[in-house]
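Biologist: Please take a close look at the inside of this model. I would like to know how it is filled, and what can be said about the places around it.

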Amino acid sequence: MATTEAVKAKTLLGECSAELAGTFVLILFGCGVVAQVVAGGIGDHDSISWAWGIGVTLGIYVAGRMTGAHLNPAVTIALAAFRGFSWKKVLPYSLAQFLGAFLAALVVRWNYTEALNKFDPGLTIKSQGVFSTLPGNGSVDLGVGMWGGFRDQIIGTAILMLVILAITDLRNTAPAANMAPFLVGLLVVGIGMAWGTNAGYAINPARDFGPRLASFFTGYGGAFKDQFGDVYFWVPIVAPIIGALVGAFLYDLLVGRFLPIADEEEEPGRIPEEKTA
C-alpha cells in the first residue's frame, strides 16, 4: 500500500529553529578550523577557506528545506529589501542566526580549551581571531585599520550577495540537482582566498558577533576591540548589511531586470530552491 507523507505547515518557530541549526553547523566548521590552525598548528589559510566553505554548504543543506538557509542577517535583510521576504521575520531569523553562531562558538571554545590556553594563556588578541575577525587579521604591519576593514566588508558581502542571487535565480542559469549549496560553498571559499587579508571575510554579522560574544563570556576581555584598541565589533555587523544591499541592488540593476519573467510565482523572499549563506 502506498503511503503519503503528511504535509506540515511551516511555522515561524520551525523556520527559526532551522536557521539556528544551519548557522550552528556553519560555525562549528568555521571557528573549529581556525582554532585548529591557530592553536593546534595544523593547517593553513587554505584549509581555513575550504572548511568555511564546507561549513556553509552543510549548513545550507541542514536548513534549506525550511527556509532556503539564509544563515546570515545581511542576506535576510537584503532578501526583505529586494525579494519580498517578510520584514516581520527579519528580527526572529537574525536572532536565531546569532544564537546558533553563539552556541557553536561555545562548543569550539570548550573543545579547544587546553590548546587555546597553552597557545595564549592570557586569552588575548593573539587568539581572538579564532572567534571573530580583526582588521588585517590582527596584524599591525599591514596598516589596515577600522575603516579599511569596513570598506573590505562592504565589498566582500556585495560579492557574496550578488553571486548568491545569480546562483539561485531560476531565470538565470541556476544549477540543477540541488547543487546550489555546493556552489555557494565554493563562493565562500573563493571569497576567503581572494578577500581574506583586510578583514578576515566575516561577510556575516551573526558569524562574527555570535562567536565574539561567546569569546567575551569565556575570558576574552578585549573581544570587542581590535589590535589598535579601537572598538571594532560593529564593523562586521554594519558593513556586511550595507554590502548585501549593494550586491542585491547591483544584481538587479545589471542582470536581473533583463532576464525573462519567471514561469511561476514563487514564495516571497524564497528564491526557487533558494540556498543562501
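The core and its surroundings

Modeller: The largest nonpolar core has 55 residues, and those that touch the most other members are I27, V33, I48, W52, F131, L160 and M161. A nonpolar core is a set of buried Ala, Val, Leu, Ile, Met, Phe, Trp, Tyr and Cys residues joined through side-chain atoms within 4.5 Å. Buried means under 20% relative accessible area, exposed over 50%, and partly exposed in between (1.4 Å probe, protein chains only). At least two residues of this core come from each of α1 (12–38), α2 (45–67), α3 (73–82), α4 (90–111), α7 (146–168), α8 (180–194) and α10 (235–254). Helix α1 gives the largest share, nine residues. Helices here are DSSP runs (H or I, at least four residues), numbered from the N terminus.

This is a predicted model, in which local features need pLDDT of at least 70 and side-chain atom pairs count only at pLDDT 80 or more, while totals for chains, interfaces and linings use all residues. Residues are numbered from 1 along each chain as its sequence is written, and side-chain values use heavy atoms, with hydrogens and water left out.

I27 shows what one of these core members meets. Not counting residues up to four places away in sequence, I27 touches G32, W52, A101, A104, A105, V108, R207 and P211; contact means heavy atoms within 4.5 Å. W52 is also among the residues that touch the most other core members. Apart from the largest core lies another, of six residues, including M146, A199, Y232 and A239.

Two of the contacts of I27, R207 and P211, are also among the buried residues of helix α9. Helix α9 covers residues 205–217, which is 13 residues. From its first C-alpha to its last, α9 reaches 18 Å, close to the 18 Å expected at 1.5 Å a residue; the expected span is 1.5 Å times one less than the number of residues. Buried in α9 are P205, A206, R207, D208, G210, P211, R212, A214 and S215. Among the elements that cover these buried residues are α1, α2, α3, α4, α6 (125–128) and α10.

The two ends of α9 can be described as well. At its start, a side-chain oxygen of N204 comes to within 2.9 Å of the backbone nitrogen of A206. After the helix comes G219, with a positive phi near 115 degrees.

N204 appears again in the lining of the largest cavity, where V56, V188, A202, I203 and N204 lie nearest the centre among 14 lining residues. A cavity is a set of points on a 1 Å grid where a 1.4 Å probe fits but cannot get out, and lining residues have an atom within 4 Å of a point. A search of the whole structure finds one cavity of 30 Å³ or more, and the largest cavity holds about 120 Å³ of space.

Helix α8, which supplies core residues, contains G192. G192 counts as buried because its relative accessible area is 0%. Outside the four places on either side in sequence, G192 is in contact with H45, S49 and Y201. G192 and I48 are 144 residues apart along the chain, yet their C-alpha atoms are separated by 8.2 Å.

Helix α4 holds S94, which is buried because its relative accessible area is 9%. A polar atom of the S94 side chain lies 2.8 Å from the backbone oxygen of V90.

The loops give further cases. A69 lies in the loop between α2 and α3 and is buried, at 0% relative accessibility. Its phi is positive, near 65 degrees, although A69 is a residue other than glycine. N137, in the loop between α6 and α7, is not a glycine either and has a positive phi of about 55 degrees. N137 is partly exposed, at 48% relative accessibility. A174 sits in the loop between α7 and α8 and is partly exposed, at 23%. Beyond four places in sequence, A174 touches I167 and D169. A174 and G43 are 131 residues apart in sequence and 33 Å apart in space, C-alpha to C-alpha.

How values were computed
A polar contact is a pair of N or O atoms within 3.5 Å; within protein, one must be able to donate a hydrogen and the other to accept it, and residues adjacent in sequence count only if both atoms are side-chain atoms. On a 1 Å grid over the protein atoms alone, a cavity is a set of points where a 1.4 Å probe fits but cannot get out, and a pocket is an open set with protein on both sides within 12 Å along at least five of seven lines; lining residues have an atom within 4 Å of a point. Grid points are joined across faces, edges and corners, and a volume is the space filled by probe spheres set on the points.
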